[in-house]
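Visitor: I would like a close look at one part of this protein and at how that part sits in the rest. Please give the cut-offs as you go.

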Amino acid sequence: MKKLVLAAITIILVCLGLQILADKLNNSGVSSGSKDLIIYNWGDYIDPKLLKKFEKQTGYHVIYETFDSNESMYTKIKQGGTAYDICIPSDYMVSKMKESHLLKKINLRNIANIKNIDPQFMNQSFDYGNNYSIPYFWGTLGIIYNDKFVKMGEIKHWNDLWKSKFKHQILLVDSARDIMGLSLISMKNSVNSQDSLKLKLAKTKLDALGANVKAIIADELKMYMIRNEASIGVTWSGEARTMLNENPHLHYVVPSEGSNLWLDNIVIPKTAKNQAGAYAFINFMLDPKNAAQNAKYIGYATPNMLAKKLLPDSIKKDRQFYPATSTMKHLQVFKNLRSEKIQEYNDLFLEFKMYAH
């Protein structure tokens, strides 16, 4: 009888042990494997060959998921669920994620290749000291024009957009901070101004631009410019690169008086389970050869000094995407302003949109 009881107890304990193990595996989801590295990035924002190369070199297995906006990424990470090891937010979102305690602090001593990053892209206002983020790609806001309709060199500055000859010819990207920002810069103010009077004056100046505006749109801007259906557009350098590749009549200008400098960055979310893999991936992506390969694939500007040297002259000497130092020093990075101030920007921009064109 004792033997039967002992056997029964043994079976129960074994079953309990198996159930606990199964629960742990089920709860861990895709993070259960210690060799898994879960990356959350914008769509088509890394050369797939580099992911394969990283897996082969390190033995890690990459699980790659994508998002289409900073806000959707932020919401998913805040809600939890998947324990992402790597994420690629934009500048202002790094600040927001940091304030929401969603990021792990980065130990730069664990990243030997950090020395390859150009110092001008380090220590930005959204993350002083780069305690939480590493530069990935950068770019600008600028003016794209079609030489079929606009003479070469006729547009060099933001104020050129207000010329009466461009009536109903300009497409604006649908972004409050960017369009309010270009108006602020044209008045020699900061893109991060919190002075309500300056913001209202910037909006008033935009109202004067309204007659020249053909449309305020998003992704469609690329299509219109590529198809020669608009003369001028205000957009980001990454989008402009795609357009220039499709239409030889298009040219991109970053006004020398200044513009927005945006930075996308690599971060490690607070819930990351594979920190060793995350550091290995960051160091891998900062290797000059890998960074240069990625820059050629994506078409955006690399912050990696040594990688830039490896790029062909047709890319690294292209002032449309690697502006001269005299222009670079006037570029401004967006700060994560107070929510009520962001709302003020949005409200003023909405008023402008309602009456433009």
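Guide: What follows is an account of one helix, H9, and its surroundings. The model is predicted, so local features need pLDDT of at least 70 and side-chain atom pairs count only at pLDDT 80 or more, while totals for chains, interfaces and linings use all residues. Residues are numbered from 1 along each chain as its sequence is written, and side-chain values use heavy atoms, with hydrogens and water left out.

The protein has 14 helices and nine strands; these are DSSP runs numbered from the N terminus, with helices (H or I) of at least four residues and strands (E) of at least two. Its C-alpha trace spans about 100 × 45 × 40 Å along the principal axes. Of the 357 residues, 51% are buried, where buried means under 20% relative accessible area with a 1.4 Å probe, protein chains only.

H9 covers residues 275-285, and its buried residues are Gly-277, Ala-278, Tyr-279, Phe-281, Ile-282, Phe-284 and Met-285. These residues pack against two helices, H2 (48-58) and H10 (288-298), and against the strands S1 (36-42), S3 (86-87), S4 (134-146) and S9 (261-266). Contact here means heavy atoms within 4.5 Å.

The largest nonpolar core holds 76 residues, and Ile-86 and Phe-281 have the most contacts inside it. Such a core is a set of buried Ala, Val, Leu, Ile, Met, Phe, Trp, Tyr and Cys residues joined through side-chain atoms within 4.5 Å. H9 gives the most to this core, six residues. Apart from neighbours within four places in sequence, Phe-281 touches Leu-37, Ile-39, Ile-46, Leu-51, Phe-54 and Ile-86. A second core of 35 residues is separate and includes Trp-158, Ile-232, Val-234 and Leu-337.

Two of the strands packed against H9, S1 and S3, belong to an open three-stranded sheet with the order S2-S1-S3 and parallel pairing. Its edge strands are S2 (61-67) and S3, each pairing on one side only; two strands pair if DSSP finds at least two bridges between them. S1 and S3 run parallel and are joined by two bridges, with Tyr-40 opposite Cys-87 of S3.

As for the chain overall, among contacts between residues at least 6 apart in sequence, 75% join residues at least 24 apart. For H9 itself, the partners of its buried residues range from S1 (36-42) to H10 (288-298).

Note on methods. Buried < 20%, exposed > 50% of the residue type's maximum accessible area, 1.4 Å probe, protein only.
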